[in-house]
Amino acid sequence: MYFGLITQESHCFSCGSVNDLPTPNYFLESRNRAFNKALDLASRAADSNSSILLLGESGVGKEVFANYIHHLSSRKDNAFVAVNCHAFSEYLLQSELYGHEKGAFTGAYEKRIGRIEEAHGGTLFLDEIGDTTLDVQLNLLRVLDNKKIARIGSNVLMDIDFRLICATNRDIKQRIEEKKFREDFYYRISTIVINIPSLRERKEDLRRLIDYFIFKYAVELKKDIFNIEVEALSALMNYNYPGNIRELKNIIERLVVLSRDGMISIKDISEEIYINPSSPLLLKDVRAAAEKKHIEKMLSLNDFNMTSTAEQLGISRRQLFNKINEYSIYKH
């Protein structure tokens, strides 16, 4: 069984399914003030046609934010089209965005609809916009001003209507100073600017996310996960995650894959994550570890009877349930 923050009740991983997972909006539930401020700004701007620029480190969930904005908007029933600008050379990016006619260039064996045209009536999300060239920026600026595009190899202009959301982990102001980013284009795409905090800046959300990804990968990989060693949890809680949520996902997937007998172990955590022995644990972490161990012992002695355990611990059933959630206590 699993007593966790995800289901708010006991859950056996082996009986779970992908359908049991929380909705994508789960990632947007936060106890962090800065994150909730960004979320509030996103929700208030969602139903406008104003261009939005999402700023934040790689892996913080900028595309999740963009999807959230799209689904709150009046365009939600139309396409959400995402393009990673960093993944293409300048020429290929132009073709990706605008499409091309058959025979427009060598290898163009058939007509191709571009991503801007595909986003007509919906939302176009351009990730890593800070990595685009000045020519790409100029062409996009003309599209935003004129609301028209032409496929490569065609002189026919088409009316286009889309909502633009851009994102970058670059310092755009510095890029402008270096003459690598057009200032007029910056002002055109940044009517609303939303800064998304890094995972290390919202550590109060980390435990929930760890629990979520354990649940997610246990279900997807069809593995029973009953517990996580205190030392392993402490290492995960104290790591700074330079790769943010994307890195956390990868770490937890690896730990679930390597788990044995339903246990996530400190032995499977890589050295760069493991807490340096010279870094002492905080007193609150030591207390929490002792409290978790005692609660697990009492639950086991009472065959996980919540009422009897709560009485013997001198707390209410609700307090016990909250502790089970807080410490992710599992039952075999």
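**Core and sheet contacts**

User: Leaving aside its neighbours within four places in sequence, which residues is Ile189 in contact with?
Analyst: The model is predicted: local features need pLDDT of at least 70 and side-chain atom pairs 80 or more, while totals for chains, interfaces and linings use all residues. Residues are numbered from 1 along each chain as its sequence is written, and side-chain values use heavy atoms, without hydrogens or water. With contact meaning heavy atoms within 4.5 Å, and without those sequence neighbours, Ile189 is in contact with Ser51, Ile52, Leu53, Ile129, Leu144, Leu164, Cys166 and Phe181.

User: Which helix gives the most residues to the largest nonpolar core?
Analyst: This core (buried Ala, Val, Leu, Ile, Met, Phe, Trp, Tyr and Cys joined through side-chain atoms within 4.5 Å) has 29 residues, and Ile189 is among those that touch the most other members, as are Ile116, Leu124 and Phe162. Elements that each supply at least two residues include strand 1 (52-55), strand 5 (123-127), helix 5 (134-146), strand 8 (163-168) and helix 7 (183-189); helices (H or I, at least four residues) and strands (E, at least two) are DSSP runs, numbered from the N terminus. With five residues, the element that gives the most is helix 5.

User: How many residues are in the second, separate core?
Analyst: Nonpolar side chains tend to be buried together in soluble globular proteins. Phe27, Leu199, Ala235 and Ile266 are included in the second core, which is separate and has a residue count of 28.

User: Which residues point the other way from Ile52 and Leu54 on strand 1?
Analyst: Side chains in a regular strand alternate between the two faces of the sheet. On strand 1, Ile52 and Leu54 point one way, and all four residues are buried (under 20% relative accessible area with a 1.4 Å probe, protein chains only; exposed is over 50%, partly exposed in between). Pointing the other way are Leu53 and Leu55.

User: Which residue in strand 9 stands opposite Leu53?
Analyst: Strands pair if DSSP finds at least two bridges between them. Strand 1 runs parallel to strand 8, joined by four bridges, with Leu54 opposite Ala167. Strand 1 also pairs in the parallel sense with strand 9 (residues 192-195), over four bridges. There, Leu53 stands opposite Val193.

User: What percentage of the residues in the protein are buried?
Analyst: The protein has 13 helices and eleven strands. Among its contacts between residues at least 6 apart in sequence, 74% join residues at least 24 apart. Of its 332 residues, the buried share is 47%.
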